[in-house]
Amino acid sequence: MFNYETGIEPMEISGAEIVVRCLAEEGVEFVFGYPGGAVLEIYDAIFKQNAFKHVLVRHEQAAAHAADAYSRSSKKVGVCLITSGPGATNALTGIATAYMDSIPMVVISGQVGTAGIGLDAFQEVDMVGCSRPIVKHNFLVKDVRDLAVTIKKAFHIASTGRPGPVVIDIPKDVTINKAEFSYPASIAIRSYNPPTKGHPGQIKKAAQLIGEAKRPLIYVGGGAVQGNASEEVTELVKLLNVPCTNTLMGLGALDGTDSHFLGMPGMHGTFEANLAMQYCDVLVAIGARFDDRVISVPNHFLSQPKRIIHIDVDPSSIAKRVKVDVPIVGDVKHVLTDMIAVLKETGIRPHAEGLTDWWKQVEAWRAPKCLDYAQSEEKIKPQYVMQKLWEVTNGEAIVTSDVGQHQMWTAQYYKFRRPRQWINSGGLGTMGFGLPAAIGAQLANPDAQVACITGDGSIQMNIQELSTAKQYHTPVKIILLNNRYLGMVRQWQEFFYGNRYSETYLEALPNFEKLAEAYGHIAIRVEKPQDVEAALREAFITHKERCVLLNFITDEGENVFPMVQNGKGLNQMDLPPHMSGMQQSPNENNRDYGNLC
Amino acid sequence: MRHILSTLIENEAGALSRVTGLFSARGYNIDSLTVQATEDPTMSRMTIVTHGSDDIIEQITKQLNKLVEVVKVIDLNEAEHIERELMLIKVRATGKEREEMKRMADIFRGRIIDVTEKTYTIELTGPGEKLDAFIKALDASAILETVRTGASGIGRGERILKI
Ligand SMILES: Cc1ncc(C[n+]2csc(CCOP(=O)(O)OP(=O)(O)O)c2C)c(N)n1
């Protein structure tokens with residue numbers, strides 16, 4: 001429409017240009033993507049702009065993982081762009097990975113022209129249908145005039161409440177058609193109002209319950225990381241002087257070197273964290289969801305009476321697996337701030353004598369050092385590599401991982417000091433996540449040391465991303481714990497399938513050093529324990545600016561301990577050899593177990 | 001236990017499949033589902049009849065609320081409510097059955113809305129049990145076709161579901 005005031009004929013721009021302008025308005029720095037027919041217009045618009053950089057991955061799954069890790073390591077929304085059909089389906093694993101870990105991400109997928117939809121057009125796939133169960137929300141944009149508002153909504157939905165991926169499927173003709181562009185400054189969606197503040201009455205009740213606690217425990221999940229509540233968690237822990245455990249997704253929310261930190265709970269949790277989970281009398285769950293890998297069987301977990309305070313932004317996470325006494329729906333940061341204020345105002349603290357006894361008990365559980373392992377002169381122990389990595393990087397590196405034993409050893413031995421330092425696929429457990437994630441995290445944090453801990457199986461699931469690392473000069477350090485096995489599966493076969501190692505020995509592994517070199521990177525092979533530290537120093541110091549693959553030939557028979565087998569309780573762990581047969585319950589002289597409730 | 005969930009949802013393409021997808025993905029039961037736009041054409045009202053333990057119903061309600069397009073969900077069972085279902089049933093109506101069918105329709109306050117020499121089509125509304133009872137009361141072999149909508153529900157009295 002002609003504007004009579006300014007005398008300017010407003011310009012109509014193409015849908016593709018609108019997409020690019022919207023991303024610029026959102027302050028997007030990087031778009032991770034891969035081109036194809038349906039998104040050619042968008043790629044042409046990208047060519048003509050310089051507001052953001054496009055990162056060309058080598059597989060669409062990697063685009064999603066890189067965007068996801070970019071977000072995890074930066075608090076910003078990750079963005080990825082893929083073409084229709086196979087491009088879209090390739091990205092699904094990455095989208096599901098982000099969904100399971102509640103990562104804010106906007107995925108733009110190309111679609112065949114609106115006239116072709118439903119006619120089995122070339123490279124047509126119903127992306128809205130395919131992605132529906134693994135997104136927070138998705139859109140199919142059929143009219144170019146809806147494009148800008150839809151993109152605004154997508155960023156809003158992805159990043160608020162419990163975050164998650166949002167897919168915007170854009171048919172090709174919509175990227176060609178023209179419309180006036182204006183980007184809404186804010187948006188209100190009447191059907192979408194995520195909670196912020198927690199109910200004051202519930203927060204008071206929680207404080208009262210804490211006041212009755214003799215064996216309190218704080219249990220922190222990924223929600224505290226995604227909710228940026230690490231400071232509040234730390235303050236609460238210190239104010240109450242209560243032990244704290246962080247889940248696989250919550251690692252770093254409390255400094256891993258803090259004396260209140262008991263390690264991770266769950267299937268491969270520490271002795272002290274698991275027993276504290278089992279025998280506490282008041283459990284404060286913060287942005288955690290009592291999932292099966294953490295509490296194992298709900299009935300067994302609840303067989304030891306305990307009262308539970310559960311803080312979560314997503315009401316459907318509360319009372320899903322475990323009934324709780326004080327549910328608090330709200331943004332964890334807000335709720336904790338209010339709770340800390342109430343505790344300070346009222347002076348409410350856990351039962352003093354009870355807490356002293358409880359700490360004694362916890363220390364007794366800590367004493368046998370469940371993460372100790374038998375060091376070897378000949379074979380490299382994977383745990384040792386993790387410990388040395390921590391030392392060489394001063395515990396400061398951003399660490400990504402793949403999935404398997406190496407992931408668990410990283411979680412156990414690398415004491416994460418801050419939130420967003422540890423990036424792994426916890427919910428979906430996606431092998432192939434680590435390398436593209438490291439690239440995304442490095443781009444978000446150009447000055448940080450970034451390490452990708454991986455296995456000989458996992459690394460091969462997205463090894464092609466070595467090419468992306470070359471193109472964008474991301475100096476990530478790939479720590480390959482090469483045990484020639486799909487180690488985690490092998491461990492289960494050893495424990496539960498009579499050592500029948502069905503299809504878990506990886507014969508015909510590539511020459512990883514040559515492979516890395518072929519992609520233009522530096523490679524170091526390490527076979528002896530005494531060379532571990534020097535190799536790490538060479539990678540992180542001498543080759544600071546380069547991508548390095550460290551191929552550690554590790555002990556192939558090493559297992560992850562402790563372990564809570566499927567169906568067992570947290571006090572029925574398989575313990576490492578030096579603790580075999582150890583009692584998994586409180587000391588007798590401790591009072592009051594089971595008297596509450 | 002059987003529950004009737006009433007839902008206000010944005011009248012947008014794909015909203016219905018999000019609801020049904022949620023039920024199948026999480027293994028919840030849908031006994032029936034009705035949906036139509038309300039007096040405000042941007043909003044649909046959906047009635048879902050489901051069954052499950054209280055815990056499951058609580059989860060269903062929360063999961064529905066979590067869908068971005070869902071504006072409001074209430075469990076009609078929590079207070080007095082009215083539910084109605086519509087059935088269209090085509091029956092054989094020949095010989096002395098013809099009189100009998102008409103009589104049955106009258107007893108159940110049904111209406112005959114289509115007539116041929118051999119058939120009647122009867123329209124019947126009421127709570128689901130009434131429709132069940134009608135079907136039971138007929139000779140099964142006389143029933144040629146039945147179409148039921150599933151229940152629609154509304155709270156009694158001043159109880160209103162609106163934004
Ligand atoms: C995509 C995918 N496929 C299969 C699995 C099942 N899985 C879990 S751990 C694992 C073995 C991983 O082996 P490797 O990467 O060598 O690591 P290790 O356990 O030896 O440290 C497998 C196959 C998975 N998590 N993800």
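**Entry 1: ground rules.** Helices (H or I, at least four residues) and strands (E, at least two) are DSSP runs, numbered from the N terminus. With that in hand I looked up A441(A) and found it in helix α18 (residues 434-444) of chain A. This is a predicted model, where local features need pLDDT of at least 70, side-chain atom pairs count only at pLDDT 80 or more, and totals for chains, interfaces and linings use all residues. Residues are numbered from 1 along each chain as its sequence is written, chains are lettered from A and ligands numbered from 1 in the order in which they are written, and side-chain values use heavy atoms, with hydrogens and water left out.

**Entry 2: A441(A).** Is A441(A) buried or exposed? I noted that buried means under 20% relative accessible area and exposed over 50%, with partly exposed in between (1.4 Å probe, protein chains only). A441(A) counts as buried because its relative accessible area is 0%. I then listed its contacts, where contact means heavy atoms within 4.5 Å. Leaving aside neighbours within four places in sequence, A441(A) is in contact with A69(A), Y70(A), S73(A), I398(A), I423(A) and V450(A). I also checked T400(A), which is 41 residues from A441(A) along the chain; their C-alpha atoms are separated by 8.3 Å.

**Entry 3: domains of chain A.** I looked up the domain bounds, which come from an automatic or database domain assignment. For chain A this gives domain 1 (13-179), domain 2 (200-366) and domain 3 (382-553). The C-alpha centres of domain 1 and domain 2 of chain A lie 37 Å apart. Where these two domains of chain A meet, ten residues of domain 1 are in contact with seven residues of domain 2.

**Entry 4: the cores.** A nonpolar core, I reminded myself, is a set of buried Ala, Val, Leu, Ile, Met, Phe, Trp, Tyr and Cys residues joined through side-chain atoms within 4.5 Å. How many residues does the largest one have? I found 102 residues, and those with the most contacts inside this core are I286(A), I309(A), I479(A) and F552(A). Helix α14 (residues 332-346) of chain A gives the largest share of this core, seven residues. The core draws at least three residues from each of domain 2 (200-366) and domain 3 (382-553) of chain A. Apart from it lies another core, of 51 residues, including A98(A), V107(A), V450(A) and L549(A).

I followed F552(A) a little further. Not counting neighbours within four places in sequence, its contacts include I380(A), V385(A), I479(A), L480(A) and V526(A).

**Entry 5: the ligand.** Next I turned to the ligand and its shell (a residue is near a molecule if one of its heavy atoms lies within 4 Å of it). Which of the 17 residues around the ligand come nearest? They are Q405(A), H406(A), G429(A), S458(A) and G487(A). Helices α17 (405-413) and α20 (487-496) of chain A each supply at least two residues of this shell, and α20(A) gives the most, with three residues.

I went through the polar pairs too. A polar contact is a pair of N or O atoms within 3.5 Å; within protein, one must be able to donate a hydrogen and the other to accept it, and residues adjacent in sequence count only if both atoms are side-chain atoms. A backbone N or O atom of G487(A) lies 2.7 Å from an oxygen atom of the ligand. For a polar backbone atom of M488(A), the distance to a ligand oxygen atom is 2.9 Å. For D456(A), again with a polar backbone atom, it is 3.3 Å. Accessible areas come from the Shrake-Rupley method with a 1.4 Å probe; for residues, only the protein chains shown count as cover. Taken alone the ligand exposes 590 Å², of which the protein buries 76%.

**Entry 6: across to chain B.** S316(A) caught my eye in the loop between β12 (307-312) and β13 (326-329) of chain A. S316(A) counts as buried because its relative accessibility is 2%. Which residues is S316(A) in contact with, leaving aside its neighbours within four places in sequence? I found Q59(B), K62(B), Q63(B) and K66(B). The side chains of S316(A) and K66(B) are joined by a polar contact of 3.3 Å.

**Entry 7: chain B.** I closed with chain B, which has four helices and nine strands. Buried residues make up 41% of its 163 residues. In strand β7 (residues 119-126) I stopped at Y120(B), which is buried at 8% relative accessible area.
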